[in-house]
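You asked for some comments that a first-year student could follow with the model open alongside. Please read the points in order, and look up each residue as it comes up.

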Amino acid sequence: MNQSFKHVLTACLLFASILSFAQKGTLTGKVTDSSGEALIGASVQVQGTSTGTVTDVDGIYSLSLNAGTYTLEISYIGYESLIKNVVVGSGSTALNFTLTSGATELTEVVVSTGSRASQRTITDSPVPIDIVSSKELLATGQTSFDRALQYKVPSFNTVQTPVNDATSLLDPYEIRNMGPSRTLVLINGKRKNASSLVYIQTSPGRGEGGADLSAIPQDAIKRVEILRDGASAQYGSDAIAGVMNIILKDKYEYGTVTMNTGITKEGDGEMIGLSVNNGANFLKKGFVNYTVALSHKNLANRPGKVSAEGEASDFGAELSDVQAFLAKKPDAGNVNGDPEKTTSQFLVNAGIPIGDNAEVYGNAAYVYKKVNSFANYRTPYWRPASETEGVPFDNFYAQQASLEGREYLGYGPTFEGDMTDYNGTFGFRTEKEGWKTDMSFTFGGNQQLYSVSNSRNRSLGLASPLYFKPGGYSFSHNIGNIDVNKMLIENLNLGIGMEFRREVFKIFAGDAGSTAGGGADSFPGIGANNAGENTRSNVGGYLDLAYDINRNFLIGATVRSENYSDFGNALVYKFSGRYKFLDDKVTLRASYSTGFRAPMLHQIYLQIAQQSFVPGEGIQNKGIFNNRSAQARQLGIDRLKPEESTNITLGVGLNPNKNLNITLDYYKIDVKDRIILGSEIAESDTTTQLGQILKANGIVAASFFTNGINTTTSGIDFVISNRNMAVGSGKLAINLAGNYTLENSLDGDVLNPDILAGTGKTIFDATQDALLLSSRPKYKAILGFDYNLGKWSFSLNNTLFGPTTFRQAGLDSDLKTEFIPKIVSDLGINVEVLKNLDFSFNIQNLLNVLPEYEFKAVNAAGEGKLKDAAYMKVQNNLITFNNRYHILSYDGSHFSQLGTVFAASLRLRF
């Protein structure tokens with residue numbers, strides 16, 4: 001009986017498997033673009049299931065499915081997705097698909113930046129917008145988002161500063177030479193938090209802060225929209241130079257695992273990284289997309305050979321002693337370049353549909369970054385003999401050297417920064433009877449805590465600790481938004497909305513060892529009297545109208561009102577228009593707007609003492625008095641108020657055919673009451689009010705934030721893009737884009753406080769003038785070639801950095817330095833090794849071009865000084881700290897000093 005049952009069961013199972021096999025089918029085919037080129041790695045997904053595949057090196061896909069009807073979604077980054085219903089039989093079914101170019105075509109992409117009333121394509125937009133796809137960013141081979149933009153967008157500039165400490169955590173950036181705080185950064189259309197750092201060194205970006213762009217993992221980015229126009233009326237404070245909207249990857253197409261590595265030509269700066277991007281689709285339109293990225297980069301060091309004569313003069317040391325030390329350490333132990341850095345990045349983006357017309361959405365990111373850099377090396381002659389006379393062992397390191405019977409060679413303090421940056425948005429979107437409503441809550445913050453080791457506090461003598469925690473900063477915000485959009489009548493679109501924002505800025509005090517007496521050597525701690533928490537809130541609302549008079553003629557208007565708890569009201573507006581003709585082949589556009597920028601809480605409440613290089617005098621303690629302090633009141637410094645701006649943009653766009661696009665835009669930005677961190681004001685006469693205040697605070701010079709100047713900036717942006725040119729068996733694309741600054745200058749006199757009247761001092765000296773107005777390239781152009789040939793792709797980008805001018809502190813007033821124009825070429829090669837495996841190799845700065853500066857005369861007296869070689873050597877020592885910073889000078893330059901960098905990546909798609 002049991003044996004018979006087994007036979008029957010076996011027969012049933014065999015019949016079922018035969019039936020199942022008979023009902024199984026195979027769907028195969030090829031995915032190509034509109035020109036017939038195979039798309040490698042395109043996703044072919046069965047909607048509502050986890051079943052799917054990607055195409056191989058020939059664009060071929062294959063799916064094994066049960067016989068039946070399915071809905072397929074075929075997608076590829078940079079192309080419009082295709083939805084197809086297919087019937088699969090019991091045998092083999094062949095079906096090919098053609099995808100149309102999407103996000104990389106300027107004439108096709110729909111942008112969400114530039115108008116609160118409606119979304120439009122690039123050619124429909126009345127304002128200039130750059131679109132940079134994730135593919136373009138990754139093709140640069142740069143390992144961080146901000147540095148990738150440097151070599152893709154001419155109006156965007158960023159560069160590492162030569163003096164690292166806290167600035168090593170993030171580099172200052174700007175659009176159109178307007179500083180980092182005048183570009184608003186959005187993530188999926190929502191405001192990203194600013195960093196807690198204010199740049200206080202004499203480098204580009206001094207006195208300002210911005211969002212940390214390097215905190216955003218590149219593999220999480222779908223595209224970047226850069227609005228090159230004032231947009232305060234649409235988005236509020238900070239959008240004076242423009243808006244950068246980072247669009248995250250959403251719908252899951254395929255997962256990737258990417259391994260990165262790199263090294264400089266000098267054999268340092270080794271980098272290794274791992275990034276995973278993955279996700280899932282669910283329901284009809286639901287998705288989750290997440291990215292995890294880990295990286296570590298070693299120090300890349302570019303010190304110079306230090307001048308013994310300059311050292312002896314600065315430190316009052318015997319020349320023979322200096323020469324003996326430099327014979328052992330020619331660079332005086334100095335470390336400057338690109339510091340050691342470890343980064344962990346986590347980001348998720350999700351959307352959950354609720355019925356057919358509503359969605360719950362959200363995104364969140366968390367970044368941890370640790371940086372190890374170095375202060376200037378403390379040489380044995382760092383302190384004048386008069387200060388150490390009768391002190392047999394000036395510090396622990398000298399004592400240890402003596403006890404161990406070895407020569408004391410000084411010590412090098414380190415600076416470690418620990419930064420966390422987080423942001424998130426949760427919202428609800430719905431559409432009912434034409435009314436589109438978006439309600440959201442956004443939060444974000446940035447915290448930086450500092451450590452100093454291998455140092456000492458001289459005022460504590462041999463009892464001084466060697467490790468210090470000098471404190472740090474944090475900034476956070478919480479934002480509530482509601483935006484409503486509706487087409488009221490045919491061609492008239494209305495957008496209205498409100499925003500509430502609360503900001504918090506905290507200053508953390510340092511430990512006792514870092515703040516006692518003169519403080520920790522190299523980076524004194526933040527005293528308890530300077531620590532604290534400060535907050536403010538604001539509420540704003542806008543009204544936006546866009547009217548298509550006809551299909552060619554568009555006009556728009558926006559008005560916005562805001563109220564801040566600390567300074568009151570702001571009212572701004574914007575008008576824009578666009579006209580197309582000749583079958584959309586020519587577009588004329590223009591805009592006029594007013595804007596504002598609220599003073600950052602950092603700029604209002606920052607108060608510190610810090611050690612800085614004083615030309616000819618070595619390292620000295622300097623300070624910043626906060627805008628609400630007793631010292632500021634004693635000096636007659638007015639409370640900070642908002643900057644006000646006006647923007648004018650005029651442009652033309654040409655689209656002779658679907659592959660050729662040309663745009664040319666003129667802009668002019670006037671800023672009134674521009675906030676600056678003023679020049680350091682010194683006063684040796686302690687009988688004066690200023691001298692008494694400096695002495696009481698233990699510093700030799702002070703600076704403060706003021707609404708100190710008015711400026712005007714104008715220039716021209718142009719883009720020429722020609723794609724899909726047949727060259728041999730492949731396709732070539734050529735892109736030429738550039739920015740030329742016509743004017744970037746003061747408008748009127750410097751607004752000095754009364755206490756400086758008749759003293760010959762100013763809050764805006766030649767050094768600050770240059771940092772603010774001429775330290776970024778006067779012009780910048782990028783000529784790129786992209787060639788695709790089967791499974792191979794090649795890119796060659798040539799970036800022209802125009803001249804930059806500096807007037808470094810200590811430099812003869814009859815002279816200036818000018819970094820001469822240079823072209824940096826980057827080569828990239830990508831190959832499809834296997835069906836789902838790519839290998840990329842990049843040579844950044846192919847010809848090892850380095851920044852190079854020249855001394856220039858400001859007047860006739862300067863011409864004579866240029867001919868005196870000995871005098872000019874002294875001048876060079878003054879601006880490079882005796883040649884420690886021999887490539888960039890102490891204030892920085894227009895591009896990186898690292899030279900050639902080799903980078904490689906291996907990317908697995910699954």
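The numbered points below go through strands, cores, one buried side chain and charged pairs.

1. Please keep in mind from the start that this is a predicted model, and that the values in this note were computed from its atoms.

2. A good place to begin is strand β30, which covers residues 553–564 and whose side chains alternate between two faces. On one face are L554, G556, T558, R560, E562 and Y564, which are buried, whereas F553, I555, A557, V559, S561 and N563 point to the other face and are not buried. It is worth noticing that the buried set includes R560 and E562, while the other set includes F553 and I555, so a student should read the burial from the model instead of guessing it from the residue type.

3. Which strands pair with β30? On one side there is strand β29 (residues 532–548), which runs antiparallel to β30 and is joined to it by eleven bridges, with R560 of β30 serving as the bridge partner of Y542. Strand β31 (residues 568–581) also pairs with β30 in the antiparallel sense, here over twelve bridges, and N569 of β31 is the bridge partner of N563. Both pairings are hairpins, since four residues lie between β29 and β30 and three residues lie between β30 and β31. As background, the strands of a sheet pair through backbone hydrogen bonds, and they may do so either parallel or antiparallel.

4. Elsewhere there is an open sheet of five strands, in the order β11-β16-β17-β14-β15, and its pairing is mixed. The edges are taken by β11 (129–133) and β15 (190–191), and because each of these has a single partner strand, one side of each is left without a neighbour in the sheet. Within this sheet, β14 (residues 183–187) and β17 (residues 242–248) run parallel and are joined by five bridges, and L184 has V243 of β17 as its bridge partner.

5. The largest nonpolar core holds 32 residues, and the members that touch the most others are Y450, Y473, L606 and F705. Several elements each supply at least two residues of this core, namely β25 (414–432), β26 (435–453), β27 (467–489), β28 (492–508), α10 (601–605) and β36 (660–677). There is also a second, separate core of 23 residues, which includes V132, A148, Y173 and A220.

6. What surrounds N627, and is this residue buried or exposed? N627 is found in the loop between β34 (618–625) and α11 (630–634), and with a relative accessible area of 5% it is buried. A polar atom of the N627 side chain lies 3.1 Å from the backbone oxygen of D638, and a polar atom of that side chain lies 2.9 Å from the backbone nitrogen of L640. If its neighbours within four places in sequence are left aside, N627 is in contact with Q603, I604, A632, I637, D638, R639, L640 and F705; F705 is also among the core residues named in point 5.

7. Turning to charge, side chains of opposite charge can pair when their charged atoms come close. A search of the whole structure finds 48 salt bridges, and one of them joins the side chains of R776 and E174 at 2.7 Å, N to O. R776 lies in the loop between α13 (766–773) and β40 (779–789), and E174 lies in strand β13 (residues 173–175), so this pair ties together parts that are 602 residues apart in sequence. Both partners are buried, as R776 has a relative accessible area of 7% and E174 has one of 4%.

8. A second salt bridge to inspect is the one between the side chains of D812 and K865, at 2.8 Å, N to O. This pair links distant parts of the chain, with D812 in the loop between β42 (804–806) and β43 (815–819) and K865 in helix α14 (residues 860–866), 53 residues apart. Here D812 is buried, with a relative accessible area of 11%, while K865 counts as partly exposed at 23%.

9. Finally, the side chains of E854 and K856 meet in a salt bridge at 4.0 Å, N to O. E854 is partly exposed, with a relative accessible area of 33%, and K856 likewise counts as partly exposed, at 28%. Salt bridges that share partners also join K190, E359, R429, D438 and D483 into one network.

Terms used: Residues numbered from 1 in each chain as written. Predicted model: local features only at pLDDT ≥ 70, side-chain atom pairs only at ≥ 80, totals over all residues. Heavy atoms only, no water. Buried < 20%, exposed > 50% of the residue type's maximum accessible area, 1.4 Å probe, protein only. Pairing = 2+ DSSP bridges. Core = buried A, V, L, I, M, F, W, Y, C linked by side-chain atoms within 4.5 Å. Polar contact = N/O pair within 3.5 Å; in protein donor to acceptor, adjacent residues only side chain to side chain. Contact = heavy atoms within 4.5 Å.
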